[in-house]
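Let's take a walk through this one, starting with a charged pair and ending on a bent helix. Have the viewer open as you read.

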Amino acid sequence: MSSSGIDVGPNLRRASLVVAALGLLGLGAGLALEPTRGFSSLLTNGFFFLTLALGGAVFLALNAVANAGWYTVLKRVPEAFSSYVPVGAASLLVVLAGLPSLYLWARPGVMEADHLLHKKAAFLNAPGFAIRMAVMLALWAFFTWRLRKNSLAQDAESSAEPTRRNVATSALFLVLFALTFCLASFDWLMSLEPHWFSTIYGLYNIAGMLESSVAAIAVAVILLKRAGLMKEVNTSHLHDLGKLMFGFATLWAYLWFSQFLLIWYANIPEETVYFIQRMNHGWGAPFFMNVVLNWALPFVLLLPKPAKRNPAHLCFVAGVMLTGRWLDLHLMIAPANMPEYAGIGVWDVAGLLGLGALFVLTVTRTVGAVPLIPRNDPYLVESLHHHT
């Protein structure tokens, strides 16, 4: 094991820098020329990549409180994901400049004219929205930094004290994160259509975050292993990642169906309007494709045991799930301001490429900054000999 970091993907980083610059310039043009669609793209892609980063931190925290050892040889990957949280937070703060373009309640005179919305004015207002967003993003950035700091401190210590500190930090983080992420989902996504509400909306987004982040971790681990940088990762580690992908995809489907069934069965107009919009006006095909990509295909493709141990197959399924998660967010955000479906636009692509390349730049820089294998982790030997 190297005593220092290694140069991970220098050509990839150079290409990502160019793509990030072009994509962000394109997204900036969209914000100026077509604010509604531009800010919709920023919110979709900003939230998508931020949740990949947060999912990396949650993955670490869940394994820490469970005293799991299997994931130790690959833990630097979700740690690198979590390093994007401050960058992702900055991208989402830009949304504050376009609140009236995205949110009905932020437009002048709307709250006063709408009796139902007027009752929500104490919560749905620009200053409160901005303060809550800033506090939640700062909280997440602090905890992800703390988890990373404790992990790196373990490299320099022979005692397991940094790991024990991380268990306590992880437990507190998971409690606070569950509450704040649900609130963020209500604030940033559900309030796009302020007359509509769902009590399991926050949990639904947590499931989507877990599904997509584990898929992204699997892709990164497989690519690093192919490059000869994570030889310690074996088929049993990949198998466990595949099982998590399978389980979280099924959790997402359970919550999606629960939300859909309860609203369909109750048939209350202010609730059904959400799904009526997404099943008509050209949105029907993406609506049903969402279920196929996020659950049906992963369920079938990951059901056999050999499928979860095959790197190429696992990478393909992870790509399907990541595509599904992006489409899921697109369906949550875009129809609020785009009643008629007009396809994936240039601003959507610009936001995806720009912020996606920024995510890759951040992750590759962090991965290369320290040894890929945590040296003094008390669970390292267990992980090196992990077999299922």
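Start with glutamate 79, which is buried at 1% relative accessibility (buried means under 20% relative accessible area, exposed over 50%, partly exposed in between, with a 1.4 Å probe and protein chains only). Its partner, arginine 148, is buried too, at 13%. The two form a salt bridge with their closest N and O atoms 3.0 Å apart; the term means a side-chain nitrogen of Lys or Arg within 4 Å of a carboxyl oxygen of Asp or Glu. Glutamate 79 sits in helix H3 (residues 76-82) and arginine 148 in helix H8 (residues 126-155), 69 residues apart. Helices here are DSSP runs of H or I, at least four residues, numbered from the N terminus. Zoom out a little and Arg76, Glu79, Arg148 and Asp155 turn out to be linked in a salt-bridge network.

Before going on: this is a predicted model, where local features need pLDDT of at least 70 and side-chain atom pairs count only at pLDDT 80 or more, while totals for chains, interfaces and linings use all residues. Residues are numbered from 1 along each chain as its sequence is written, and side-chain values use heavy atoms, leaving out hydrogens and water.

The structure holds ten salt bridges. Another one joins arginine 37 and aspartate 348 at 3.4 Å, N to O, tying helix H2 (residues 35-65) to helix H15 (residues 346-367) across 311 residues. Here arginine 37 is partly exposed at 21%, whereas aspartate 348 is buried at 5%.

Finally, look at helix H13, residues 284-302. H13 bends by about 40 degrees at valine 292, the bend being the angle between axes fitted to the seven residues ending there and the seven starting there.

Terms used:
Helix = DSSP H or I, 4+ residues; strand = E, 2+ residues; numbered from the N terminus. Expected span 1.5 Å × (residues − 1).
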